[in-house]
Amino acid sequence: MAEGRRTHTPSPWRDRPIGESLGIFENMRRGMYGEGEVVIRMKQDMMSPNPNMWDHVAYRVKMQPHPRSGNKWCVYPSYDFTHCIVDSLENITHSLCTLEFESRHESYMWLLDALGMYKPVVWEYSRLNLEATVLSKRKLTRLVEEGYVSGWDDPRLFTISALRRRGFTPEGVNKFCEEIGVTRRGTLVHSPALLENACRGDLDDRCHRAMAVLHPLKVELANVTEPRWISVPNHPKKPEWGVHDVLFDSTIYIERSDFRLEDSKDYFGLAPGKDVGLRYNGVIHCDDVVKDGHGNVLSLKATYVSPEEASAQGRKPKGHLHWVSPRSGAGGVTAHLFEPLFISSNPSENGDFIHDINPNSKETITGVIVDASVEKGEVGDRFQFERVGYFIIDKKESNTMELNRTTGLKDKHKPRQ
């Protein structure tokens, strides 16, 4: 068949009777032929300058079960036969394709004319690719079937289900598409950071605020004897969203990266002998550091200064830290942080794209302490964890919760090589 197409030579069976072709089709359906033994072709124009008019295959034998009909059928239609017919049957008004399908436009219209069916409008545009990922179904299938990702909805992929599970919003994706525009100039390659930035603006407007500590460092406040509740706004720019209460107690946790043993002028976190502010709640002063036998920091001892006292004493720290009291924090929380799935911007450029997989594309953090207000959330709810990033509840059971980070609060991606 390939030789006949190359030389524009019609098949010797091109003009056989219709009844004979129907009989062959029935035998194909019943599994009487093996794969590659016979095909049913369309009778187009072998003399056309367009290769997509050279009697394309309409049906072929594939000994593979169908996701819906199982093994009932072993004859499958080709893309060129199916695409236009399905569009017409579903009353598609505009069929939008990428430029590599432009040469199939003639075949698309030819078949609908031959069948006397409604013809949608067909427009071709530039293909959109993203750096440091793959979008082709063949490559995605390999990633899934060979276990490099957890499934088609793995948040490191860019399938619709993966984007949804990662926490991207439809509005954010649409904003990304509007910003990059539509063209016919050729393949467009953009950084995923542009998508994250577009979604970040949408998430900032829609997400409730909460506090979460991913890598907890214990701080004991010697002069706090009675726990109290503090009202925190659900959104600083939307007072109509109300507030939620967080517990302030004699033991709190801060982010481990917000403490250093040695202070510096450009460091706004906590250090021995230094003041630092707490979000929505006064100042703490680090009095002592508790270490293990190897010099690793285990916990801190500090003194609490109320907002009123701090103001009266003129104590105005440069930095303010987020914090969580363990007695009010949700337990059993795991957070998943994601980086690009591939190391280079074009994974297939230097051979097998599998060899370019980033071994650090997913970080799983257990023992996360989250503001208790998050406990009321359901799967699919989104939050902005202050000073940390945007997260979505991916899974939730009676005593456990898993969170996926959608994106950070700021674009920290460097240009890829």
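His 8 counts as partly exposed, because its relative accessibility is 26%, and that value falls between the 20% and 50% cut-offs. Keep in mind as you look around that this is a predicted model. You'll find His 8 in the loop between α1 and α2. Its backbone is worth a look: phi is positive, about 60 degrees, although the residue is not a glycine.

Tyr 280 does something along those lines, with a positive phi near 65 degrees in a residue other than glycine. Tyr 280 sits in the loop between β14 (275-278) and β15 (283-291), and at 32% relative accessibility it counts as partly exposed. A glycine with a positive phi turns up too: Gly 116, just after α4, has a value of about 65 degrees.

Let's stay with helix α4, residues 105-115, for a moment. Its buried residues are Ser 107, Tyr 108, Met 109, Leu 111 and Leu 112. What do they pack against? The partners are α3 (79-89) and the strands β4 and β5 (121-125).

Strand β4 covers residues 94-98, and Leu 96 belongs to it. Unlike the buried residues of α4, Leu 96 counts as exposed, because its relative accessibility is 55%. Together with Val 121 and Trp 123, Leu 96 forms a nonpolar patch on the surface, and the three share about 300 Å² of accessible area.

Now for the charged pairs. Side chains of opposite charge can pair when their charged atoms come close. The structure holds 25 salt bridges. One of them joins Asp 55 to Arg 14, with the closest N and O atoms 2.7 Å apart. Asp 55 is in the loop between β1 (39-41) and β2 (57-61), while Arg 14 is in the loop between α1 (2-6) and α2 (18-29), so this bridge ties together parts 41 residues apart in sequence. The two ends have their own surroundings: Asp 55 is buried at 2% relative accessibility, whereas Arg 14 is partly exposed at 25%.

Another bridge brings together the side chains of Glu 196 and Arg 166, at 3.6 Å from N to O. This pair also links distant parts of the chain, with Glu 196 in helix α8 and Arg 166 in helix α6, 30 residues apart. Are these two charged residues buried or exposed? Glu 196 counts as buried at 10% relative accessibility, and Arg 166 counts as buried at 7%.

Helix α8 takes part in a further bridge, where the side chains of Arg 206 and Glu 171 meet at 3.1 Å from N to O. Arg 206 lies in α8 and Glu 171 in helix α7 (residues 170-180), so the pair ties together parts 35 residues apart in sequence. Here Arg 206 is partly exposed, with a relative accessible area of 35%, and Glu 171 is partly exposed at 41%. Salt bridges with shared partners also join Arg 142, Glu 146 and Asp 352 into one network.

As for α8 itself, how far apart should its ends be? The helix has 15 residues, 192-206, and at 1.5 Å a residue it should span 21 Å. The expected span takes 1.5 Å times one less than the number of residues, so the 15 residues give that figure. The end C-alpha atoms are 21 Å apart, which agrees. Several residues of α8 are buried, including Pro 192, Ala 193, Leu 195, Ala 198, Cys 199 and Leu 203. Charged residues appear on the buried list too, among them Glu 196, Arg 200 and Asp 202.

Next, step back to Thr 159, in the loop between α5 (137-145) and α6 (160-166). Thr 159 is buried because its relative accessible area is 14%, which is under the 20% cut-off. What does its side chain reach? A polar atom of the Thr 159 side chain lies 2.6 Å from the backbone oxygen of Trp 152. A polar atom of that side chain also lies 3.1 Å from the backbone nitrogen of Ala 162. Leaving aside neighbours within four places in sequence, Thr 159 is in contact with Leu 140, Trp 152 and Asp 153.

Finish at Ser 361, in the loop between β18 (330-338) and β19 (362-370). At 2% relative accessibility, Ser 361 counts as buried. Not counting residues up to four places away in sequence, Ser 361 touches Arg 156, Leu 337, Phe 338, Glu 339, Pro 340 and Leu 341.

Terms used:
Residues numbered from 1 in each chain as written. Predicted model: local features only at pLDDT ≥ 70, side-chain atom pairs only at ≥ 80, totals over all residues. Heavy atoms only, no water. Helix = DSSP H or I, 4+ residues; strand = E, 2+ residues; numbered from the N terminus. Buried < 20%, exposed > 50% of the residue type's maximum accessible area, 1.4 Å probe, protein only. Patch = residues over 30% accessible without salt bridge, like charges linked within 9 Å, V, L, I, M, F, W, Y side chains within 5 Å. Areas by Shrake-Rupley, 256 points an atom, 1.4 Å probe, with all protein chains shown as cover. Salt bridge = Lys/Arg side-chain N within 4 Å of Asp/Glu carboxyl O. Polar contact = N/O pair within 3.5 Å; in protein donor to acceptor, adjacent residues only side chain to side chain. Contact = heavy atoms within 4.5 Å.
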